[in-house]
Amino acid sequence: MTFQEIVAALKRFWADQGCLILEPYDVEKGAGTMNPATFLRVLGPEPWRAAYVEPSRRPVDGRYGENPNRLYQHQQFQVVLKPSPDDIQEVYLDSLAALGFDRKVHDIRFVEDNWEAPTLGAWGVGWEVWLDNMEVTQFTYFQQAGGLDCKPVTVEITYGLERIASYIQGVDSVYDIEWAHGITYGELFHQNEVEQSKYAFDLSSVQMLFSLFNAYESEAQIALKEGVVFPAYDYVLKASHTFNLLDARGAISVGERSAFIARVRNLARLCAKAFLEQRKAAGFPLIREVKS
Amino acid sequence: MRMPFVFELGCEEMPASLLPSILQDARSKFESLLAEARLPYSDLRVYATPRRLVLWVGELAAVQEDRLITARGPSRTAAFDEKGKPTRAAEGFARSQGVAVSDLEIRDTPSGEYVYAVRIERGEPALCVLERVLPSFVRSLEFPRAMRWGDLEFSFIRPIRWVLCLLGTNVVSFELAGVKSSRVSRGHRLHFEAPVMVDEASGYFDAMRSARVMIDQDERREEIVRRARAMACELGGEVVLPEELLEEVVYLCEWPGVFRGTIDSEFLSLPREVITTTMQHHLRFFPVQKDGRLLPYFIAVRNGEGPGLDNVVAGCERVITARLKDARFFYSEDTSRSLEDRVPELARIVFQEKLGTVHSKVMRVQSLVQGFGHLLSEEEKQRALRAAYLCKADLTTHLVYEFPELEGYVGRELALHDGEHPVVATAILEHHLPRRSGGAVPATPEGVLVSVCDKLDTLAGYFLIGKEPTGSQDPLGLRRAGFGVISVLWKSGLRLDLREAVERAVANYDGFDEHHHRAAAALQSFLVQRAKVLFTDEGVRPDIVDAVLYHGIDLVERSWRKIQALREFLTHEKIEDLLLAYKRVMNLARNAGEGEVREHLLVEQPEIALYRALKDAEAELRTLYEREDFRSYLEKVVELRGPVDEFLDRTLVMVEDEAIRRNRLALLRKTGEVLGRVAELGELR
């Protein structure tokens with residue numbers, strides 16, 4: 001199975017489970033959780049089922065393309081279901097079967113791993129899923145997002161696509177994964193890894209990044225004041241990514257670190273609150289659709 | 001009549017590390033539930049697998065015990081008129097109690113005669129009682145972090161998906177978190193698809209076994225140990241089975257499938273801890289060793305047995321190879337720079353937000369080590385200072401970033417690699433000891449001193465910012481650090497004056513001047529508390545420990561020897577003499593002021609005799625105390641009982657003449673000091 005066949009299989013599987021198949025969100029982010037289709041949609045009482053691929057940037061994990069398993073940018077396959085279905089673990093195991101992993105001949109385990117995202121004011125409880133001792137999925141029941149209790153609870157399933165693909169294809173380096181027949185992950189992304197690492201660790205202009213961070217923060221505040229949540233949230237994502245770049249550059253002193261995180265979290269909270277109020281004012285329209 | 005009972009709570013995978021304490025909690029709460037419900041039982045057992053909590057009672061009463069209910073009614077005079085006929089009050093009371101007026105009894109009580117109704121409440125069937133109380137029993141279980149799921153308000157450790165509950169052949173039926181109890185369970189997640197019907201409680205274990213679930217954790221454990229040992233034996237080695245890891249693995253499977261895998265022997269050149277940490281902490285594999293050296297194998301446990309073992313082994317080998325490759329890469333990166341070069345970078349790592357960076361911590365620890373360096377030889381002192389300087393530098397390495405539990409081990413390896421003195425390398429590792437309560441303590445004097453100074457610095461810092469531990473929680477590990485300080489000083493015998501050390505550790509911090517006094521006092525008494533716990537854990541009577549530590553603690557090991565001496569002396573035939581003498585003396589001596597005994601004011605024979613006895617014993621007692629021969633000190637001091645009694649029996653202390661009175665009180669105070677020098681004897685029971 002090629003990388004793109006894996007993605008196609010997962011999309012088909014989750015579409016059959018009633019998920020909307022969405023596209024990646026076009027602002028830099030560290031994880032699929034930060035896509036508004038997760039972070040905002042987990043809030044409030046409206047049911048929600050969605051699945052999408054999310055290219056996720058984590059500057060500190062960059063290794064100049066030299067490490068076979070660590071990447072500046074990796075691909076997540078993200079699934080969110082609200083409320084969490086009673087048989088969700090079984091459904092998840094079926095999704096592995098759709099990728100060719102028959103549970104009878106593999107060891108699949110759910111090992112405690114709770115999740116927390118301090119910049120989002122979000123946390124959840126769950127597991128990492130071990131497939132023959134390899135962590136292939138993060139499985140989380142959202143308890144809070146943006147500092148708000150999640151009611152009902154959303155379950156989030158995040159597949160590490162590179163891990164799964166290297167296992168299926170039996171390769172030791174992500175760069176050897178076949179994206180499609182005849183073309184590898186390395187051919188597509190290696191140069192990106194080298195250059196992004198070089199930029200994040202050695203080249204970025206710290207002064208510019210600091211001023212961007214401040215500008216994004218104040219723009220988010222202005223947007224929130226005007227009651228436009230989505231533009232505000234875009235700037236939160238940008239601020240968060242800028243913080244990650246500064247962090248990779250070693251530009252944020254230890255004393256300042258938690259203050260920066262708190263600034264992003266504060267904005268994320270305001271967006272969450274504002275989004276929920278908007279949905280409430282609109283009468284939570286998605287509730288009606290599902291009843292039919 | 002009694003019958004078997006089983007309650008299986010089916011959940012999504014619960015955290016393996018929490019299951020042992022959840023089981024304890026469940027057992028004790030279920031025991032009190034049965035006691036309160038008046039349901040006699042025998043053979044209560046609790047079990048857990050990743051997906052189930054199971055309560056099993058071999059014999060549970062089918063019916064509650066009857067209960068005698070005695071209710072007090074109106075007074076006799078209010079209940080019966082002069083002719084002895086029942087009044088309306090009596091009739092009303094009897095009716096409310098469900099008894100006939102003629103059955104009312106009159107009892108004499110301290111507050112007069114009253115009417116009583118005595119009746120027997122018949123027990124209800126256990127089935128009804130259990131249906132009522134089990135849901136609240138489940139809700140009463142406690143977890144460090146509970147969760148909600150779906151659209152329920154219910155919270156539990158993980159989502160509840162099924163409930164099986166049987167008393168004999170009957171379903172105990174109730175509803176919990178939207179799930180109805182039944183006689184249907186589920187089998188092994190991977191290896192058994194069909195629902196599992198259980199006809200009667202007694203058939204539960206067999207039914208689960210055929211569904212590939214081994215309910216009993218002890219059975220799973222024995223199976224793992226037995227097969228892992230046999231497998232290691234075939235490989236010509238022995239398996240390393242740390243208790244904590246074994247326990248976790250037991251609760252990570254419903255049926256243990258033990259197997260082995262191979263690693264490339266080229267990885268064996270990595271430091272042992274790097275390999276074992278990768279295996280144990282990250283993958284839950286057991287290493288195999290021979291004569292203390294690792295062999296290129298691991299033994300692992302999967303969830304269940306059946307086909308596909310080749311997939312599992314191949315997957316595990318892939319994962320461990322990738323991990324070890326990473327580790328090898330990190331190790332070669334890390335050894336490319338010396339520990340010494342790394343120290344300045346510690347200024348970029350926060351120790352605690354208000355307390356500054358790890359670099360400033362290192363400077364403080366070094367200055368503490370310097371201050372107590374005279375307790376070591378000059379060479380040792382220099383090495384201790386070096387170790388203190390380097391002890392945190394491994395925090396900047398890739399390996400410690402990736403494997404935080406390798407902190408210390410990496411420091412030691414790098415120090416050796418850098419050509420530091422081997423003892424410096426050892427002390428870097430040892431300064432983290434003990435890693436858990438009762439764990440090993442440093443063996444080198446250098447390690448002892450750095451370990452104590454580092455922990456005292458941490459404690460002083462947190463106490464200064466008001467983060468001393470309260471309640472049973474210890475998220476910052478401060479109690480552990482406190483126990484560490486005491487046990488290292490105790491076991492090593494290092495003569496470090498704890499009072500002085502606490503003062504210095506606190507004073508080492510700049511900018512908290514107004515908190516110094518409070519923090520130092522709080523830390524002193526915190527450490528005394530830790531010492532009390534450790535000493536009583538050795539089986540010493542708490543009052544003995546209290547007596548010795550009454551005035552605090554300076555030299556830990558000396559305090560321990562006082563405790564030993566006092567403990568032995570308590571079996572001495574003269575012990576009563578000593579305690580009585582002390583008590584008599586202290587009754588009056590409490591009123592004494594300052595001031596020495598003035599010889600010319602001693603006028604009566606008994607006081608002169610007591611004074612002389614004290615004088616005569618003084619030199620010897622001082623020598624015994626200084627030699628820390630506390631046993632002989634106590635033996636010697638008992639001899640003062642005679643003169644003390646003589647004095648107190650025959651001389652009036654509280655006389656009119658103030659000078660004489662004060663002098664006699666001073667004499668008593670001095671006597672008290674001599675008698676109570678080893679311990680505050682008044683604390684003894």
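Guide: Let's start with how to read a strand pair: two strands pair if DSSP finds at least two bridges between them. Strands (E, at least two residues) and helices (H or I, at least four) are DSSP runs, numbered from the N terminus. In chain B, strand β2 (residues 41-49) and strand β3 (residues 52-61) run antiparallel, joined by eight bridges.

Visitor: Before we go on, what sort of model is this?

Guide: It's a predicted model, where local features need pLDDT of at least 70 and side-chain atom pairs pLDDT 80 or more, while totals for chains, interfaces and linings use all residues. Residues count from 1 along each chain as written, chains are lettered from A and ligands numbered from 1 in written order, and side-chain values use heavy atoms, without hydrogens or water.

Visitor: Back to β2(B) and β3(B), then. How many residues does the hairpin between them use?

Guide: Just two residues carry the chain from β2(B) to β3(B) in that hairpin. To see the pairing up close, find B:V46 and look across: B:L55 in β3(B) stands opposite.

Visitor: What about bigger groupings? In what order do β4, β5 and β6 of chain B sit?

Guide: Read a sheet from one side to the other. Here that gives β4-β6-β5, three strands of chain B in an open, antiparallel sheet. β4 (67-75) and β5 (105-109) are the edge strands, each pairing on one side only. Ignoring direction, neighbouring strands of this sheet are turned by 40° against each other on average.

Visitor: How is β4(B) held to β6(B)?

Guide: Seven bridges join β4(B) to β6(B), residues 112-121, and the two run antiparallel. One place to look is B:R72, which has B:Y116 of β6(B) opposite. Helix α3 of chain B (residues 88-97) packs on this sheet and touches both β4 and β6. A contact means heavy atoms within 4.5 Å. The direction of α3(B) makes about 160° with that of β4(B); such angles run from 0 to 180 degrees between N-to-C directions, with axes fitted to C-alpha atoms, for helices over the stretch in contact.

Visitor: Which strands of chain B form the four-stranded sheet?

Guide: From one side to the other, they are β13-β15-β16-β14, again open and antiparallel. β13 (238-239) and β14 (256-262) have a single partner strand each, so one side of each lacks a neighbour in the sheet. Seven bridges link β14(B) with β16(B), antiparallel once more. Within that pair, B:F259 has B:A300 as its bridge partner. Helix α9(B) lies across β14 and β16 of chain B, at about 50° to β14(B).

Visitor: Where do the two chains meet, and how many residues does each give?

Guide: Chain B brings 45 residues to the contact and chain A brings 49. Together they bury about 4,100 Å², with 47% of it on carbon and sulfur atoms. That is accessible area (1.4 Å probe) lost when the two parts are put together, summed over both. Look for B:R148, B:L190 and B:R318: they supply 18% of what chain B buries against chain A, more than any other three residues.

Visitor: How many salt bridges cross between chain B and chain A?

Guide: There are eight of them. A salt bridge puts a side-chain nitrogen of Lys or Arg within 4 Å of a carboxyl oxygen of Asp or Glu. B:E193 and A:K104 make one, with their closest N and O atoms 2.8 Å apart. On chain B, the elements giving two or more residues to the side that touches chain A are α8 (272-283), β16 (293-303) and α9 (309-334). The most come from α9(B), with 10 residues.

Visitor: How many salt bridges are there over all chains?

Guide: The search of the whole structure finds 74. Within chain B, B:E248 pairs with B:R284, the closest N and O atoms being 2.9 Å apart. B:E248 belongs to helix α7 (residues 243-250) and B:R284 to the loop between α8 and β15 (286-290), so this pair ties together parts 36 residues apart in sequence.

Visitor: Which peptide bonds here are cis?

Guide: Most peptide bonds are trans, and most residues other than glycine have a negative phi. The bond from A:K82 to A:P83 is cis, with omega near -5°, and A:P83 sits in the loop between β3 (73-82) and α3 (88-98) of chain A. Another cis bond runs from B:L433 to B:P434, with omega near -10°; B:P434 is in the loop between α15 (422-430) and α16 (445-464) of chain B. As for phi, look at A:Y64: its value is positive, near 55°. You'll find A:Y64 in the loop between β2 (48-57) and β3 of chain A.
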